[in-house]
Amino acid sequence: MKVSRRDLLVWSAGAAAGLIVTPVPWKLLDDTSIWSQNWPWIPQPTRGPVEMKQSVCTLCPQGCGMRVRMAAGWPVGVAGVSSHPVSRGALCPLGFGAHQLNWHPQRLKTVRHRGGASAWGDAQAAFAKACKEGPVVVIDGYPGRAASSMLESFAQKHDGGYRVVLSAETRALTPYEKWSGVPASALGYDLENAKTIVSFGAPLLDGWGAPGRFTRLWAERAAGMNDPQLRLIQVDESLSRTASRAWQWVPVRASAESALAAGVARVLLEERLVAWRGPMPSLTLAEAAERTGLSADAIRDLARTIVARTPAVAIGNGIDPEIAALNVVLGAAATPGGIVRRSKRGAAYVPADAAMPSVRAALIDASVPWDFAPQTDAEVFRFAAWDGGSSRADWLLPAPGFLEELMDVPTAPTLAAETYAIAPSLTKPPAEVQSAAQFLGGIDPSLTPVDKIIHSRCGNLFHARAGTLIGREATPVAKIASAQALEEQLQKGAVWVGEAARPGGWRCELKEWPAAASGPPENLTATWSAPVLPPLATKLYQESSLREMPARRNA
Amino acid sequence: MSRNTLVFGFGVAVALVVGWIGFPRALYVRQSQPVEFLHKTHAEKSGVADCGECHALREDGAYGGIPAMEKCAGCHSERIGESKAEATLVDSFIKPGRETPWLVYSRQPANVWFSHAIHVKHGGLTCTECHASYGMTDQVKVYEVNRISGYSRDIWGHSMSRLRRAPHEGMKMTDCEDCHRRRNVEVGCLGCHE
Amino acid sequence: MSARYGMVIDLDRCTGCGSCMMACASENNVPPLPQATARTGLTPMLVRKASNGMEGGARREVFIPIMCMHCEHETPCVKVCPQQAVEVDKATGIVMQMPQRCLGCRYCMTACPYHARYFNWWDPAWPKGMEKSLNPGVASRMRGVVEKCNMCHARLHTAKEKAAAAGKREIDLADYVPACVEACPTGAIRFGNLADPNDAASKEARSPEAFRLLARIGTEPKVYYKSKEAWVRALAESKSGSVPEVKRVEAGHAEVQHG
């Protein structure tokens, strides 16, 4: 039988008609539409049980309480802890993307020596050799931790220095060191009891202190109120975010904050608006008006407004002795509502940017901001979890990343009372990483390791019988059953808060009016100390015009 | 009958055979579960009578689904039987601490939200209404995966025409909609989608 | 029994920090887009800046968080969608977008008076391994579809499931807190059921200082704003008669220009 072309066509027509009454076209349509919506390269979230764990963010010294949602053992989301006495439920915008940091493409995974790959063994050998050949300086960006104690002990044993990069908020308190003998790190601001706060350029609502510390206080006592309980006066060259929300914005010329502080102090003293008597600033009111761009009357009004509701306190941005002196004039030094002494610590830290003597090597902890460059020709061993780029360090050593190691959280800068918390690690670090403290512990096994130091600190807190443990409820330490119970509570997210500073306890003596500040003001919104920004930060800096990328000087 | 009609009919016949018999065979690939788990054996031997003993709701209401390896390890941390399946379980998964990669018959796409808690507690559904008497089978249910979509054959249902299927067969969106319509429970897109 | 979930955003409290933007992106598995600009970015929650137009010491600025307003009346995006990929959920009032139905025509983006919808210009991609940090409750989208704020409905689902497990029919509103509300450090964003007269957010929405954006076009948005400053309230409807244009510029800050 010959098969003709017509047969083929008729057969095909039959087949087509037949196919319509089979599942083929319908099922294929359905399946290909499903296939086209399930491209294998589109990542899907993990399926698995979700649990909430609590820890503390350790990316900067403020130590905000953090609840982390975990799925299949990985962090999938973060939120604040509303009962946390330091952060009061808030996190900084960058903190909300922190859980993704450990996968940042610039994560340091291997030891690097002068641009090439190396190994821990080589780094250890080089460091041990350096220690034998000369003094080694150790630089810490987050002093007060158990790890800091290890770093400090090591430096002392090896004739080197232990230096610290203090947070900008603490640095602003250094002028008081000279006048009272109390180190800046032992002081705090009692904002909770202040009625007027004059901020000279300090971004109190946008990057100063822990995110919730002042913002919550301000939200409760001032936001949206015509006659707020807390008056925020913001002195700023341009309309910053804080100035925008402040009760009063005082626009001044750039770098004229010092001059304004001096002018205000002069008015307060000349018109006897304060009880304090002492040296007068050398600047006259006319000169202050000239420098700030305000009229003399405006400065007088400002001075009167400041003392209309007391206690009043001034907060500067950067180390400004004249603003600090203004606080002494206002009677804010060593009184409630002003600057208080929260700890008995007597020794001041040596700042990392002070002149460095000649050393053989410098060891920089991962907590030191990336753009810190030690002024030295020595061999630099730089620990970091991420490579921020353009590092001039000889050794780049991969450290644990976000919530990958057990840490303790000492008193946050700016607080009026001491605090202590524990930040448990929530994920296992990759095999190749080691913290500076672990590294030194490997070189000198006589150093007490971090977990034992934390354990003994909990013991000390328990035996001192002072302060309160704030978790779901507040429990006085005196009522806690054992040091073990205290430590367990801390591991679960409770925070120990010391007793409020007693009035008095330290005295400020101003013998002569200080010279004006030197150096540029701090850029507090850029003090994120991790070398890289969380990936989602593109939402703030690139995918919208909300913020400008912070200017970062690379080491 | 003319030659054209015969040829046409032949075309129809071939299409019907290919479409109803050849196509399903080609479309689906049989895959085997990593461990041959027999529900009936477990029900009889260990006295597990209720589905909820292993397939339970968690505290927050989320469904536990197929139990994690630690549930199996509760009894099988060492071999307690003779079967090859158990040997695989203990040696390949429990001892090394690996989760068993079960092939899930009812796996839905990521954008589907199905809450067992709501259907069981509010809807009063029993396990067998959607999962038949799977819990009492003495054979591992065959897992066939659709080559194109990547999902189990149980989603469309075993029957290619979707006619005369059992009440529990098929887990496509239209199946959910049918049951919702019958029981007069209105949900909207938000009720079932992520 | 049906709810109308809405928000009241206190503009006197918003400091423009951006925490809500970050928390939203994290909760909804929005990919970081280093290749995007302010025009092509994907920000279901976006904080914009507006000013009173003056310079020098008289200048005042305000930050306005914008997200889907969950319009109730003649919802523009619902009306124009050829795919019926979006609907107003009857039980909650949430305008539910189904990215899996969307074919990417972007008609809804044109129709939305609040510019609250965003297009996936690229396939979502994360650096290697970062997929492990994705939120399990939220499905990924692919390139070519539109997405927007969905009032964190994954959290609503979790709350419903928790209520069901406890045998309750109504959710506990404390269990359903959208990510932006949770993140805001000053508590500027308040969330609640506008249908419940006793709800705190509902009461604030009825206060004299509350207003809605472009109220005169009648979309009945469920996101209210609140300010005691008259110039801020005037931004919602330009006093001079023309619609205030919010210009998004590639670099620099968005400003509201008064006509």
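**Chain A against chain C, and a helix pair in chain A**

Me: How many residues does each chain bring to the contact of chain A and chain C?
Reply: This is a predicted model. Chain A and chain C bury about 5,000 Å² between them, with 58% of it on carbon and sulfur atoms. The contact draws on both chains: chain A gives 62 residues and chain C gives 66 residues.

Me: Which residues of chain A lose the most area to chain C?
Reply: The top three on that side together account for 13% of what it buries. They are A:Trp103, A:Arg245 and A:Glu543.

Me: Which residues form the salt bridge across the interface of chain A and chain C?
Reply: The rule finds one salt bridge there. A salt bridge needs a Lys or Arg nitrogen within 4 Å of an Asp or Glu carboxyl oxygen. Here the closest N and O atoms are 3.3 Å apart, so the pair qualifies. The partners are A:Arg67 and C:Glu182.

Me: How do the residues on the side of chain A that touches chain C divide by class?
Reply: Several elements each supply at least two residues to this side, including strand S2 (65-71) and helix H7 (211-221) of chain A. By class, the residues are 34 nonpolar, 18 polar and 10 charged.

Me: At what angle do helix H14 and helix H15 of chain A pack?
Reply: H14(A) spans residues 450-464 and H15(A) spans residues 483-491. Residues in contact include A:Leu461 and A:Phe462 from H14(A), and A:Leu486 and A:Leu490 from H15(A). The crossing is right-handed. The axes lie 9 Å apart, and the angle is about 115°.

Conventions:
Residues numbered from 1 in each chain as written. Chains lettered and ligands numbered in written order. Predicted model: local features only at pLDDT ≥ 70, side-chain atom pairs only at ≥ 80, totals over all residues. Heavy atoms only, no water. Contact = heavy atoms within 4.5 Å. Buried area = accessible area lost by both parts, 1.4 Å probe. Salt bridge = Lys/Arg side-chain N within 4 Å of Asp/Glu carboxyl O. Helix = DSSP H or I, 4+ residues; strand = E, 2+ residues; numbered from the N terminus. Nonpolar A, V, L, I, M, F, W, Y, C, P; charged D, E, K, R; others polar. Axes fitted to C-alpha atoms, helices over the stretch in contact; angles between N-to-C directions. Left-handed = near helix turned anticlockwise from the far one by under 90°.
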